[in-house]
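Me: I've got a protein model open and I'd like to talk through how its parts pack together. Can we go step by step?

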Amino acid sequence: MKNNEVLIIGGGLAGLTAAIHLSKLGVHVTVIEKNSYPKHKVCGEYISNEVLHYLNWLDLKIDDLNPTKITKLEFSTASGKTIKSILPLGGFGISRFTLDEYLYKKALENGCRILQDNVENIVFENNQFIVTTTNNSILESEIVIGAFGKRSNVDQKMNRDFINKKSYWLAVKAHYSGDFPNDLVGLHNFKGGYCGVSKVEKDSINICYLADYETFKQFKNIDEYQNNVVSKNPHLKVIFEKSNLLFEKPLTISQISFEKKQSVENHILMIGDTAGLIHPLCGNGMAIAIHSAKIVSELIHKFYTNEIKSRNELEEKYIQQWNLNFKERLKMGRFLSNILQKQKLSTVLMRLLIIFPFLLPKIIKKTHGKPIILNL
């Protein structure tokens with residue numbers, strides 16, 4: 001018997017968006033999130049405008065958070081060769097510190113229950129989930145959404161395939177004060193990684209880069225690595241020299257995996273980074289997280305209104321929708337990242353883009369979606 005209740009593991013961008021959507025439709029939602037709000041997270045903090053119509057439908061007044069409006073892209077190779085482009089849809093810059101807390105308060109306003117706790121175990125039997133937590137809570141639900149991010153202890157407990165493969169990527173993020181255009185996102189390559197730079201609210205500059213751990217570990221600390229490797233790109237050198245760190249120290253996250261993940265595992269519907277992580281080079285992970293929350297919420301609503309008749313049908317339709325909307329975008333992200341990590345191929349690509357500048361917006365479109373259409 002369908003009990004019209006959903007349990008969401010993870011209260012980040014994807015999890016909170018799904019909670020707001022489902023609660024708006026009258027579904028009872030419980031979110032388990034290990035952290036308190038607000039909290040900074042390692043993230044590029046740029047969102048494509050493809051999600052704006054959907055956010056408006058959720059009654060989210062993003063403009064009240066004073067995001068920056070971003071319309072331009074500047075891309076450079078490790079040597080500093082640059083090409084610029086207009087972003088086909090444009091986007092906005094907003095910190096996870098501000099956005100996640102706003103979504104958290106909206107979810108509470110909508111009647112969602114949010115537990116600050118860690119998930120210890122998930123059992124699926126007799127068409128029902130039983131979830132136990134560190135604080136000895138036992139929760140039962142017919143539907144569980146996995147929104148626990150890039151890498152989690154829940155992934156380990158589930159023994160997911162990607163968790164057993166060693167990853168060599170490390171991400172570093174911090175906010176800075178300094179002079180940087182409000183309407184620009186910079187994507188700058190360096191040996192062993194690439195860096196995104198853009199403004200968020202309160203005139204802060206978000207600098208977030210992905211680094212090859214094998215290169216990174218040769219240095220004593222982040223400052224030494226930035227000075228000796230990241231700043232070899234002349235654009236990044238200027239940015240770091242003219243900016244002042246606003247954090248006590250940069251945030252880091254290791255073992256970031258871009259391996260393929262399953263969008264449904266053990267009957268859990270995975271969304272956002274939990275279902276698949278796009279390379280930060282493509283600058284579109286936040287939009288994918290939001291869009292995947294919309295897709296899963298619409299399908300769950302159809303399940304509870306008997307338009308979708310069974311769990312099997314629900315899972316099949318979600319896998320189909322995930323692949324239709326995101327599979328090719330993630331594949332393009334992996335392809336571009338592989339090119340940019342090979343100096344000769346990167347040089348060839350840059351020469352082509354300089355000769356044929358119209359190609360860059362086409363590449364951008366391959367990693368971004370079209371404006372979200374509501375099927376309600």
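**Helix packing and rings**

Reply: Sure, and keep in mind that this model is predicted. Let's begin with two helices that touch: Leu-13, Ala-14, Thr-17, Ala-18, His-21 and Leu-22 on the H1 side meet Met-286, Ala-289, Ile-290, Ala-293, Lys-294, Ser-297, Glu-298 and Ile-300 on the H8 side.

Me: Which class of residue, nonpolar, polar or charged, has 9 members in the contact of H1 with H8?

Reply: Sort the contact residues by class. You get 3 polar and 2 charged ones. The 9 that remain to be named are nonpolar.

Me: At what angle do helix H1 and helix H8 pack?

Reply: In general, two packed helices are described by the angle between their axes and the distance between the axes. H1 covers residues 13–24 and H8 covers residues 285–304, with axes 8 Å apart. Their crossing is right-handed, and the angle is about 35°.

Me: Which ring does the charged end of Lys-24 sit over?

Reply: To count, the Lys NZ has to be within 6 Å of the ring centre. The charged end of Lys-24 is 4.8 Å from the centre of its ring, and that ring belongs to Trp-57.

Me: And which ring lies under the charged end of Lys-261?

Reply: Use the same idea here. The distance to the ring centre is 4.3 Å, and the ring is that of Phe-162.

Me: What radius of gyration does the protein chain have?

Reply: Start with the chain's 376 residues. A compact globule with that many would come out near 21 Å. The chain agrees with that, at 20 Å.

Methods: Residues numbered from 1 in each chain as written. Predicted model: local features only at pLDDT ≥ 70, side-chain atom pairs only at ≥ 80, totals over all residues. Heavy atoms only, no water. Lys NZ or Arg CZ within 6 Å of the ring centre and 35° of its normal. Axes fitted to C-alpha atoms, helices over the stretch in contact; angles between N-to-C directions. Helix = DSSP H or I, 4+ residues; strand = E, 2+ residues; numbered from the N terminus. Left-handed = near helix turned anticlockwise from the far one by under 90°. Contact = heavy atoms within 4.5 Å. Nonpolar A, V, L, I, M, F, W, Y, C, P; charged D, E, K, R; others polar. Rg over C-alpha atoms; globule rule 2.2 N^0.38 Å.
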